[in-house]
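Work through the exercises below with the model open. Try each task before reading its solution.

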Amino acid sequence: MPSKSPSEVVSPSAALAVLHRETHRHLRLNRRQPDYGFARGAVTVALMAAELPAACSEYPCVMARQPDGGWSLLAVTGLQSGHNLYVSDTGGWLGNHLPATLATWPFRLVREGGAPGSFLVAVQPSELSEAAGDPLFDATGAEAPWLLERLRQLVDTDTGLADTARQIAALDAAGVLCERSLQAVLADGSDVELNGFMVVDEAKLQALPEKTVHELHTQGVLSLAYLHLLSLRRFRPLVQRAGQRASVAERETLPVSGAQPEAPPVTGA
């Protein structure tokens, strides 16, 4: 039975290059037709807590502890390794809510020399072109207005992810997180298992002392907890989505039936 930990998110960071006004001065980005094919193999996408009001009605949203000990809030976008159910064959995003960590692609913040709080802006060079799209820099070498806005979004997203990790850590400290797993059978009969993720134990949340509840409320953590619990209802539609995708793939591999035999060639008398 195949399984996948939701903390195993595909990361294209190895191919990133530091954004430089001279190196990338004449390059462009096609913002009108973004390609999210790089996320096709990711079964989870990182979220900020601020995105939950929109994301909870579309994706199951879970928590996971990262290798460095920090916490992440993750939208579950697939059930089988290498199959993101929200990326189309052409690289389009099929969901209504586009997570901020994808909306800022192909730019990323990378740590400068491992120094805390020191970052460089990096870009995926393969997403840039000399011919199509909007220029990154103007004739004087200054950042284009849209690029400045994208960089602001990068910083806001990084700040939001850090705040989200803090909120989840508060839930963990309150003792209300527990590990869960999901097993399901798809429409084609295949078994899937998703494990390694954390959820809020609603009974433990309800049993918290009034003082702890007040502290979590003032930190904005309670809204995260309840929106996360609401999002777990989206697991069933996700399983159905996976089954539909499997059924479509199966039909596409079946031979075409009912084809007419080729007519014999017409010859003159």
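**Exercise 1.** How many residues does the largest nonpolar core have, and which have the most contacts inside it?

*Solution.* The model is predicted. Start with the count: the largest nonpolar core has 52 residues. Next, rank by contacts inside the core: Met63, Leu79, Leu171 and Val200 have the most. Then look for the main contributor. Strand S12 (residues 191-200) gives the most to this core, with 6 residues. Finally, check for a second core. Another one lies apart, with 13 residues, including Val123, Leu128, Leu151 and Leu154.

**Exercise 2.** List what Met63 touches, leaving out residues up to four places away in sequence.

*Solution.* Apply the 4.5 Å heavy-atom cut-off. Met63 then touches Trp71, Ser72, Ile168, Leu171, Leu177, Phe197, Met198, Val200, Leu224 and His228.

**Exercise 3.** Classify the crossing of helix H3 (residues 145-173) and helix H6 (residues 221-231).

*Solution.* Take the axes: they come within 9 Å and cross at roughly 85 degrees. Angles of 65 to 115 degrees count as roughly perpendicular, so H3 is roughly perpendicular to H6. Now find the contact. H3 supplies Thr164, Gln167, Ile168, Ala170 and Leu171, while H6 supplies Val221, Leu224 and Ala225. By class, that is 6 nonpolar, 2 polar and no charged residues.

**Exercise 4.** Which strands stand at the edges of the sheet S9-S3-S10, and why is one side of each left without a neighbour?

*Solution.* Read the order: this open sheet of 3 strands runs S9-S3-S10, with antiparallel pairing. S9 (128-129) and S10 (134-135) each have a single partner strand, so one side of each lacks a neighbour in the sheet. Now inspect one pairing. Strand S3 (residues 28-29) is joined to S10 by 2 bridges. Arg28 has Pro135 of S10 as its bridge partner.

Methods: Residues are numbered from 1 along each chain as its sequence is written. This is a predicted model: local features need pLDDT of at least 70, side-chain atom pairs count only at pLDDT 80 or more; totals for chains, interfaces and linings use all residues. Side-chain values use heavy atoms; hydrogens and water are left out. Two strands pair if DSSP finds at least two bridges between them. Helices (H or I, at least four residues) and strands (E, at least two) are DSSP runs, numbered from the N terminus. Axes are lines fitted to C-alpha atoms, for helices over the stretch in contact, and angles run from 0 to 180 degrees between N-to-C directions. Angles under 35 degrees count as roughly parallel, over 145 as roughly antiparallel, 65 to 115 as roughly perpendicular and the rest as oblique. Ala, Val, Leu, Ile, Met, Phe, Trp, Tyr, Cys and Pro count as nonpolar, Asp, Glu, Lys and Arg as charged, and the others, Gly among them, as polar. A nonpolar core is a set of buried Ala, Val, Leu, Ile, Met, Phe, Trp, Tyr and Cys residues joined through side-chain atoms within 4.5 Å. Buried means under 20% relative accessible area, exposed over 50%, partly exposed in between (1.4 Å probe, protein chains only).
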